[in-house]
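User: Could you take a close look at one part of this model for me? I'd like to hear about the nonpolar patch on the surface, and whatever sits around it.

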Amino acid sequence: LQVATLQETLATAVGGRVVGQAIEGRARRAIRVRLMREERSAPEDLLALPIAAPEGAVIPLGQVASLRYVRGPQMMRAEDTFLTSYVLFDPARGVTDVDAVHAAKTHLETLVANGSLVVPEGVSWRFAGTYENHERANARLMILVPVALLLVLLLLYLQFRSVVVSLTIFAGVAVAMAGGFVLLWLWGRPGFLDVGNLATVFHTGPVPLTVAVWVGFIALIGIAVDDGVVMATYLKQRFATAPGTPEDVRRLVVEAGLRRIRPCLMTTATTILALLPVLTATGRGSDVMRPMALPIVGGMAVEFLTLFVVPVLWALHWELKVRHGREPSPLP
């Protein structure tokens with residue numbers, strides 16, 4: 001009895017062997033012969049496997065061999081001539097990939113420093129994965145966010161030709177961004193929107209500051225100045241003739257504010273209503289779109305405060321001019 005005969009028989013019984021083809025019209029299907037599942041589910045079951053011996057004898061496998069299960073060698077990987085092994089892990093909910101990697105690095109360095117983890121010579125580790133893309137994106141965002149703020153401020157100055165007016169409108173951006181951060185904080189608080197089934201519909205939960213969130217803030221910067229521009233444009237028209245007393249300043253500011261409440265509220269309402277389907281989405285890409293929409297919704301929800309911020313700062317600027325006896329020149 002040869003070893004090759006045992007191996008061939010065992011391979012056929014466990015893995016199967018193609019012995020022919022079944023023809024059905026134009027279809028060709030392989031015919032595979034193997035033991036029934038219940039006869040090969042455990043190594044002990046294979047001990048009764050019949051082996052065809054010379055001269056027509058049939059003997060069970062258990063009489064000529066013993067079976068034991070051992071774990072074979074895993075796939076060998078190499079990078080830059082070094083053997084490589086991968087350890088995969090995912091961050092917990094509410095934790096970004098970058099934070100998870102930094103926490104793992106700190107933990108490993110602490111174990112090595114106190115001697116709990118001994119690293120053999122020639123062994124090292126390196127973290128790789130999606131967090132590298134996030135780190136590159138965060139490095140770019142540290143430049144893009146200030147650039148976006150400066151560009152908005154520059155466009156406001158080119159429109160109104162006044163630093164004071166531009167900064168007055170730009171104050172609405174700070175208010176809107178504060179609202180975005182407040183909504184992100186509330187979104188992760190337990191009990192938020194816990195009325196009926198709203199928490200499930202809007203998928204509330206911790207939202208880490210990912211790249212998508214910062215992209216939402218960049219979009220919010222451009223949207224947040226809309227109400228301020230609408231208000232400041234009408235104030236500029238009403239102040240074409242400079243008022244002479246603080247009372248006149250306040251009267252003109254109140255009149256302008258009352259005339260521009262409806263357009264500003266319509267801008268805010270349409271933006272929020274347009275993003276509600278995004279907050280309730282569950283399809284492909286919703287995990288990216290929801291964090292992007294949250295800062296915009298939160299910022300626009302409190303952005304109506306610019307109805308008060310811009311007129312109040314405008315009135316303050318003109319009242320200081322009037323009270324100090326300086327003849328305020330009409331705005332260009």
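Analyst: Met142, Ile143, Val147, Leu151, Leu154, Leu155, Tyr157, Leu158, Val163 and Leu167 make up that nonpolar surface patch, and together they have about 980 Å² of accessible area. Keep in mind that this is a predicted model. Two helices, α3 (130-160) and α4 (163-187), each put in at least two of the residues. The biggest giver is α3, with eight of them.

Tyr157 is a handy one to zoom in on. This patch member lies in helix α3. Its relative accessibility is 34%, and because exposed means over 50% and buried means under 20%, Tyr157 counts as partly exposed.

Now step into the loop between α3 and α4, where you'll find Arg161. Arg161 isn't a glycine, yet its phi is positive, at about 55°. With 52% relative accessibility, Arg161 is over the 50% cut-off, so it counts as exposed.

Does that backbone feature turn up elsewhere? Have a look at Glu55, another non-glycine residue with a positive phi, this one near 60°. Glu55 belongs to the loop between β3 (50-52) and β4 (58-60), and its 85% relative accessibility means that it counts as exposed.

One last stop, away from the patch: helix α6, residues 211-238. Its 28 residues should span 40 Å at 1.5 Å a residue, and the end C-alpha atoms are 42 Å apart, so the two values agree. Along the way, α6 bends by about 30° at Asp227.

Key. Residues are numbered from 1 along each chain as its sequence is written. This is a predicted model: local features need pLDDT of at least 70, side-chain atom pairs count only at pLDDT 80 or more; totals for chains, interfaces and linings use all residues. Side-chain values use heavy atoms; hydrogens and water are left out. Helices (H or I, at least four residues) and strands (E, at least two) are DSSP runs, numbered from the N terminus. The expected span of a helix is 1.5 Å times one less than its number of residues. The bend at a residue is the angle between axes fitted to the seven residues ending there and the seven starting there. Patches are made of residues with over 30% relative accessible area and no salt bridge: like charges are joined within 9 Å, nonpolar side chains (Val, Leu, Ile, Met, Phe, Trp, Tyr) within 5 Å. Accessible areas come from the Shrake-Rupley method with a 1.4 Å probe; for residues, only the protein chains shown count as cover. A salt bridge is a side-chain nitrogen of Lys or Arg within 4 Å of a carboxyl oxygen of Asp or Glu. Buried means under 20% relative accessible area, exposed over 50%, partly exposed in between (1.4 Å probe, protein chains only).
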